[in-house]
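This briefing introduces a protein structure to a reader who has not met it before. Please look over the sequence and the model before turning to the points below.

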Amino acid sequence: MWATLFWSMQFANAVACIYLHYNRERGLATLAVAHKLVVGTVLFKAYLSGVIYWPIGLGGTAIEYFFALAFARALRKK
């Protein structure tokens with residue numbers, strides 16, 4: 001159940017990010033930044049706890065934080 005919830009949330013956020021690319025909306029960008037920071041932090045915590053291993057724990061965290069910074073940058077441009 002939790003994996004389904006996580007991946008459905010990731011999918012919904014990905015669709016929202018595509019929409020955000022074409023329609024710069026501040027509220028959606030703020031939501032995307034918050035979502036990416038939370039997911040990155042949860043992945044890193046799971047890696048430190050030994051629940052997941054480095055490809056997802058470190059790589060996934062880096063990708064999530066990269067996108068959070070990219071969306072935050074888009075917020076600054078407005």
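Is Q10 buried or exposed? With a relative accessibility of 13%, Q10 counts as buried, because buried means under 20% relative accessible area. The model is a predicted one, and the values given here are computed from it. The points below begin with the overall fold and then turn to helix 1, a salt bridge, and two further residues of helix 2.

**Overall fold**

- The secondary structure consists of four helices and zero strands.
- Read from the N terminus, the order of elements is α-α-α-α.
- Along the principal axes, the C-alpha atoms occupy a box of roughly 40 × 25 × 15 Å.
- The protein has 78 residues, of which 28% are buried.
- Among contacts with a separation of 6 or more, 56% are made by residues 24 or more positions apart.
- The exposed area of the protein is about 5,800 Å², and carbon and sulfur atoms supply 74% of that area.

**Helix 1 and its two sides**

- Helix 1 has 21 residues and covers residues 2–22.
- From its first C-alpha to its last, helix 1 reaches 31 Å, which is close to the 30 Å expected at 1.5 Å a residue.
- The buried residues of helix 1 are Q10, N13, A16, C17 and L20.
- These buried residues cover an arc of only 130° around the axis, so they lie on the same side of helix 1.
- On the other side of helix 1, the exposed residues are T4, W7, F11, I18 and Y22.
- Apart from neighbours within four places in sequence, Q10 is in contact with H35, K36, V39 and E64.

**The salt bridge**

- Two of the residues that Q10 contacts, K36 and E64, also form a salt bridge with each other.
- The closest N and O atoms of this pair are 3.2 Å apart, within the 4 Å limit used for a salt bridge.
- E64 lies in helix 4 (residues 59–77) and K36 in helix 2 (residues 26–49), so the pair ties together parts that are 28 residues apart in sequence.
- Both K36 and E64 are buried.
- The count of salt bridges comes to one.
- In general, side chains of opposite charge can pair when their charged atoms come close.

**A46 in helix 2**

- A46 is located in helix 2 and is buried, with a relative accessible area of 19%.
- That value places A46 among the buried residues because the cut-off is under 20%.
- Leaving out residues up to four places away in sequence, A46 touches V51 and I52.
- A46 and G57 are 11 residues apart along the chain, and their C-alpha atoms are separated by 6.9 Å.

**F44 and a nonpolar patch**

- F44 also belongs to helix 2.
- How exposed is F44? F44 is partly exposed, with a relative accessible area of 33%.
- F44 helps to make a nonpolar surface patch together with L48, Y53, W54 and L58.
- The area of this patch is about 610 Å².

Key: Residues are numbered from 1 along each chain as its sequence is written. This is a predicted model: local features need pLDDT of at least 70, side-chain atom pairs count only at pLDDT 80 or more; totals for chains, interfaces and linings use all residues. Side-chain values use heavy atoms; hydrogens and water are left out. A salt bridge is a side-chain nitrogen of Lys or Arg within 4 Å of a carboxyl oxygen of Asp or Glu. Helices (H or I, at least four residues) and strands (E, at least two) are DSSP runs, numbered from the N terminus. Buried means under 20% relative accessible area, exposed over 50%, partly exposed in between (1.4 Å probe, protein chains only). Patches are made of residues with over 30% relative accessible area and no salt bridge: like charges are joined within 9 Å, nonpolar side chains (Val, Leu, Ile, Met, Phe, Trp, Tyr) within 5 Å. Accessible areas come from the Shrake-Rupley method with a 1.4 Å probe; for residues, only the protein chains shown count as cover. Contact means heavy atoms within 4.5 Å. The expected span of a helix is 1.5 Å times one less than its number of residues. The arc is that of the directions from the helix axis to the C-beta atoms.
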